[in-house]
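Trainee: I am new to this structure and would like a close look at one part of it. Please pick a strand, tell me what surrounds it, and then go on to the side-chain contacts elsewhere.

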Amino acid sequence: MPPSDAALDPLSLEPARDVRREQDGFVALSQEPWLRFCALKGLLPPGGFVELRYAASLYDPPARPLLRFWIGEKYGEHILPSPCEGVGVWIGRVPRETTEVWISPTNRSGAFNFHILSARRLDRVEALRKAAAVPKRLFFALSADMVGLTKEAELNWRWAFGTEPMSTYPSWRAARTRKSDPDFDRPRSEWAKAPTVVAMVDVRGAAPRAIDMTRDSLAAQTYPHCAFVTTTDAAQFDAGDLVLPLIAGDRLAPDACACFVEHFARHPQHAIAYADETVGEGDALRPIYKPGWSPTLHRFENYVGRAACVRASLLAAESGWIEAGADELIDRLLSRAGNDVVGAVRRPLFRLVRAASGRRTTIDAVFRGPSPAVSVIIPTRDRVDLLAPCLDSLLRKSLYPQFEVIVVDNDSVEPRTQALLQALQAKDSRLKVLHKSGAFNFSALCNAGAGAGRGDYLIFLNNDTEMVTPDWIERLLFFASAPDVGAVGAKLLYPGGRVQHVGVLLGMGGVAGHFGSDLTENDRGWMNRNVLPHDVSAVTGACMMIERDKFDAVGGFDEINLPVELNDVDLCLRLAARGWRTICHTQTILIHRQSASRGGGALRLQRVYETERRTFYERWRAVIRDDPHFHPGLSLYANSEALP
């Protein structure tokens, strides 16, 4: 039990697990260190609402903390917003009968700093006022509370408190930024021996005021070893220098150089690192939060722009880089870089005078070359109203010359279903039916279909889908045939035309969800990812292509522990653990009547599939808290770009 002495500072923290205290901070002994609140009495009101404010070092990579409420030997966890702008703020409800409160501030081993700045009780009126911004979730939370559905109420309170519109960014940011503190924001590298950060500034055609703005922002850096040079100087850099290609008028946040120095010190394998930006002024100020490195997205658009820092040694092999311009230089370096040498500093460190026009001509990514055999696997149980249009569109619209369809029939009993399958088998030799009895187990049905197929590539397809893009198989193959790619998914639309899936976001809603859903088909979405192919952590099994050898290498779907829920996400994460990327090809489009064959899932009680969700969370908790293809400054409780 934690100390309960009223004389203890209620905001102080002590080591609980996998962490030790040092004079100037803490040291994490694993990727999930835990600190314990020293005093609970009068701090966190059990059953009531609280606002926590906390800070991590500006030089530590920002991570979403985990907050754990212990009730005896059981606990519940929350994924908190990251303090990526300096300070994090979380509003939530403390479970009744809470006995201890723990927090895991970082997901990396090594030294770190973390403080609880304040813990403020919210009365019910203030809590309701804040939650009213999401009225649907507030209604569900109150209704669930009234009938004793505690878990359902808690989930909806999280959604109600966990999002703010991007239009509030100026006030949101004002409450979450702070100046660096030398006693708290200690560097992990030795600055006395650290490299020089050289701002290579393009001053061609620039007004003196623009040049001064950039020079002044460099002079205001907390890092002491900075230099200002112009592209006309043809400066020669030391191999150990770090270079910031800029345009006169660009401004750096005061800690920008320090953050890059710290990043390269901790990641010696990285040759390039990029950061976030802010654009606009006053009430129109907005952040450009960027995902982790996505070579696929970069292929279609230079979303990094020039908000990047490179090792000077990387420039040695570049010819004409001085004349190229900052944006072209970074784009060129990124296009040639390997996936393991690019990093992201997840903080807004740049205010650029003008953004790059990074969009390229859309590449029609279709497969060109030999046509490997493809097996399309469709689990089903009756529902001929869904299966018939699915098979009709698949067999009639698909242009690919060499594919087979394996319908895995899970105890269908309706005569119409049997008649449909028999008629199609007689009519089209590409269709086969595999009968598999037993309780519905999506993983087992897919594995059985894969075993019966002859294709070099496998497509797992729901029986409630219909093809829109005739060359959909070729398009998926374009990416799935790459040696470093595992699963490839498609853009799925609801029948009314709204987006249902453009990738899976880990941590969304606490576990995983479909970020980008409910957009219109042509909305560009966050970082244009609704219309451009991009790397993701996972794609849905409603339409997923995988090369057979890679599928077999990870053992297929987990039919023992994840028979129905989250098995597709789990498969993608196991592929990633072997080094294979997952891609959502948003220029491949299908209609998906989501979960129609199982009666829908939007209003299921939390106890349904609770065991599977818990299994998945415990297995992948390290990546769930910080999806590498998202941004820790964005909300996990909104379908589109929002603030936490």
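Mentor: Here is one strand with its neighbours, followed by a helix, some ring pairs and some salt bridges. This is a predicted model, in which local features need pLDDT of at least 70 and side-chain atom pairs count only at pLDDT 80 or more, while totals for chains, interfaces and linings use all residues. Residues are numbered from 1 along each chain as its sequence is written, and side-chain values use heavy atoms, leaving out hydrogens and water.

Let's start with strand E30, residues 543-547 (helices, H or I, need at least four residues and strands, E, at least two; both are DSSP runs numbered from the N terminus). 5 of the 5 residues in E30 are buried, so the strand is largely enclosed by the rest of the structure. Here, buried means under 20% relative accessible area, exposed means over 50%, and partly exposed is in between, with a 1.4 Å probe and protein chains only. In a regular strand, side chains alternate between the two faces of the sheet. In E30, Cys543, Met545 and Glu547 point one way, and Met544 and Ile546 point the other.

What does E30 pair with? Strand E23 (residues 457-461) pairs with E30 in the antiparallel sense over 5 bridges, and there Leu461 has Cys543 as its bridge partner. Strand E25 (residues 485-493) also runs antiparallel to E30, joined by 3 bridges, with Val488 standing opposite Met545. Two strands count as paired if DSSP finds at least two bridges between them.

Helix H14 (residues 472-480) is mostly covered too, with 8 of its 9 residues buried. Among them are Trp472, Leu476 and Phe479.

Next come the rings. The structure holds 26 aromatic pairs. One of them joins Phe442 and Phe557, which sit edge-to-face at 6.0 Å centre to centre, with 75 degrees between the planes. Phe442 lies in helix H13 (residues 442-452) and Phe557 in the loop between helix H15 (548-553) and helix H16 (567-577), so this pair ties together parts that are 115 residues apart in sequence. Phe442 and Phe557 are both buried. Rings of Phe, Tyr and Trp (its six-membered ring) pair if their centres lie within 6.5 Å; planes under 30 degrees apart are stacked, over 60 edge-to-face, and the rest tilted.

Now for the charged side chains. A search of the whole structure finds 40 salt bridges, each being a side-chain nitrogen of Lys or Arg within 4 Å of a carboxyl oxygen of Asp or Glu. In one of them, Asp385 meets Arg383 at 2.9 Å, N to O. Asp385 is partly exposed at 44% relative accessible area, and Arg383 is partly exposed at 29%. Elsewhere, bridges that share partners join Glu32, Arg68, Glu77, Arg614, Glu618 and Arg621 into one network.

Within that network, Glu77 and Arg68 form a salt bridge whose closest N and O atoms are 2.5 Å apart, and both residues are buried. Arg68 also lies over the face of Trp34, at 4.1 Å from the ring centre. A charge sits over a ring if NZ of Lys or CZ of Arg is within 6 Å of the ring centre and within 35 degrees of the ring normal. Trp34 in turn belongs to a cluster that ring pairs build with Trp70, Tyr75 and Trp102.
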